[in-house]
Amino acid sequence: MNYEIEVKPVGKTPKSARTKDRIYHSALDILAERGFENATIRDICKHSAVSIGTFYSYFNSKNDILFEFFRNMDNHFTKDLAPKITGETYMDRIRCYFKLYSAMLMDSSFDTICMLFSTSNIWFARTRPMQKVLVGIIAEGQEAGEISLRMPATEICEYLFVLVRGLVFQWCSVNAAFELWTRTDLYIATAMSSLLTEPLAYPEVKEGIIRRDPSKPPAMSEPSDPDMTEIRGNK
């Protein structure tokens, strides 16, 4: 299923860029508050103090707002975060990838993430640049003989993203009652353990441990893992 979006050019003047930015952020606020289906263009224009005609000078529809959001996320991930993916093994690199992905989500507003992770989001049907980064890591792992060839790299990527998207949906459903990045790391390590050519020693997978203190509230902004703290602190 292919969804084509016509991207309208941004005006060259700083004022035009500021206007588009104001409409965009106002739209995200309204969409998060009222839900994608219930929010209207009129609501967005009222919140951003622009006319309906001005809105259509920059965006064709509410879907364009989502496109802009995901494009920004993809640009941030591929340009700023992907170079930080490290690890001695390809399994380590995949886990690092999803740590970065979780950190990026947690840096967005909770309401925005809950609005985006729904079955009506057409952008989940697209193959996006950040997913191509993961496909590359998996394919290299298969060429190196670390990751099984039972599934093609693109299908493994889809499998992992289906898993993580379901986890994010659950995280939203329970009002962030668990630490997203730790649960994501556990689930990814567990899922990948069946796709390795040789089992690796990951105690948290073997014992089913989620590394967090249940007596403390969920850490929405400052994870305790030293690697995670470094990732989020050096954006």
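Q: Helices here are DSSP runs (H or I) of at least four residues, numbered from the N terminus. With that settled, where is the place of Gly87?
A: Gly87 sits in the loop between H4 and H5. Keep in mind that this is a predicted model.

Q: Thanks! Is Gly87 buried or exposed?
A: Neither label fits: Gly87 counts as partly exposed, because its relative accessibility is 31% and that class covers the values between 20% and 50%.

Q: Which residues is Gly87 in contact with, leaving aside neighbours within four places in sequence?
A: Those are Asp92 and Arg93. Another handy number is the C-alpha separation between Gly87 and Tyr97, which is 9.9 Å, with the two residues ten apart along the chain.

Q: Nice. At what angle do H4 and H5 pack?
A: The angle is about 135°, and the axes of H4 (residues 62-81) and H5 are 11 Å apart. H4 and H5 are therefore oblique to each other, since 135° falls outside the roughly perpendicular range of 65 to 115 and is not over 145. The crossing is right-handed.

Q: And which residues make that contact between H4 and H5?
A: On the H4 side you have Met73, His76, Phe77 and Leu81. H5 brings Tyr97, Leu100, Tyr101, Met104 and Leu105.

Q: How many of those are nonpolar, polar or charged?
A: Eight residues in the contact of H4 with H5 are nonpolar and one is polar, with no charged ones.

Q: While we're on H5, where is Ser102 found?
A: Ser102 belongs to helix H5, which spans residues 90-106.

Q: Does Ser102 count as buried or exposed?
A: Ser102 is buried, because its relative accessibility is 1% and the cut-off for buried is under 20%.

Q: What does Ser102 touch?
A: Not counting residues up to four places away in sequence, Ser102 touches Leu180, Trp181 and Thr184.

Q: Let's go back to H4. How do H1 and H4 pack, in angle and axes?
A: Helix H1 (residues 14-34) meets H4 at about 100°, with 10 Å between the axes. That makes H1 and H4 roughly perpendicular to each other.

Q: Which residues meet there, in H1 and in H4?
A: From H1 come Lys20, Tyr24, Ala27, Leu28 and Leu31. Their partners in H4 are Lys62, Ile65, Glu68, Phe69, Arg71 and Asn72. By class, this contact has six nonpolar residues, one polar and four charged.

Q: Changing topic: what is the phi of Asn175?
A: Asn175 has a positive phi of about 55°, even though it is not a glycine. Most residues other than glycine have a negative phi. Ala176 also shows a positive phi, about 60°, and is not a glycine.

Q: Where does Ala176 lie?
A: Ala176 is in the loop between H8 and H9. Asn175 lies in that loop too, with H8 covering 153-173 and H9 covering 180-193.

Q: Is Ala176 buried or exposed?
A: Ala176 is buried, at 7% relative accessible area, whereas Asn175 is exposed, at 57%.

Q: Last one, zooming out: how many helices and strands are in the protein?
A: The protein has eleven helices and zero strands. Buried residues account for 45% of its 235 residues. The exposed area is about 12300 Å², with carbon and sulfur atoms supplying 53% of it. Of the contacts between residues at least 6 apart in sequence, 71% join residues at least 24 apart.

Definitions and conventions: Residues are numbered from 1 along each chain as its sequence is written. This is a predicted model: local features need pLDDT of at least 70, side-chain atom pairs count only at pLDDT 80 or more; totals for chains, interfaces and linings use all residues. Side-chain values use heavy atoms; hydrogens and water are left out. Helices (H or I, at least four residues) and strands (E, at least two) are DSSP runs, numbered from the N terminus. Buried means under 20% relative accessible area, exposed over 50%, partly exposed in between (1.4 Å probe, protein chains only). Contact means heavy atoms within 4.5 Å. Axes are lines fitted to C-alpha atoms, for helices over the stretch in contact, and angles run from 0 to 180 degrees between N-to-C directions. Angles under 35 degrees count as roughly parallel, over 145 as roughly antiparallel, 65 to 115 as roughly perpendicular and the rest as oblique. A crossing is left-handed if the near helix is turned anticlockwise from the far one by less than a right angle, and right-handed if clockwise. Ala, Val, Leu, Ile, Met, Phe, Trp, Tyr, Cys and Pro count as nonpolar, Asp, Glu, Lys and Arg as charged, and the others, Gly among them, as polar. Accessible areas come from the Shrake-Rupley method with a 1.4 Å probe; for residues, only the protein chains shown count as cover.
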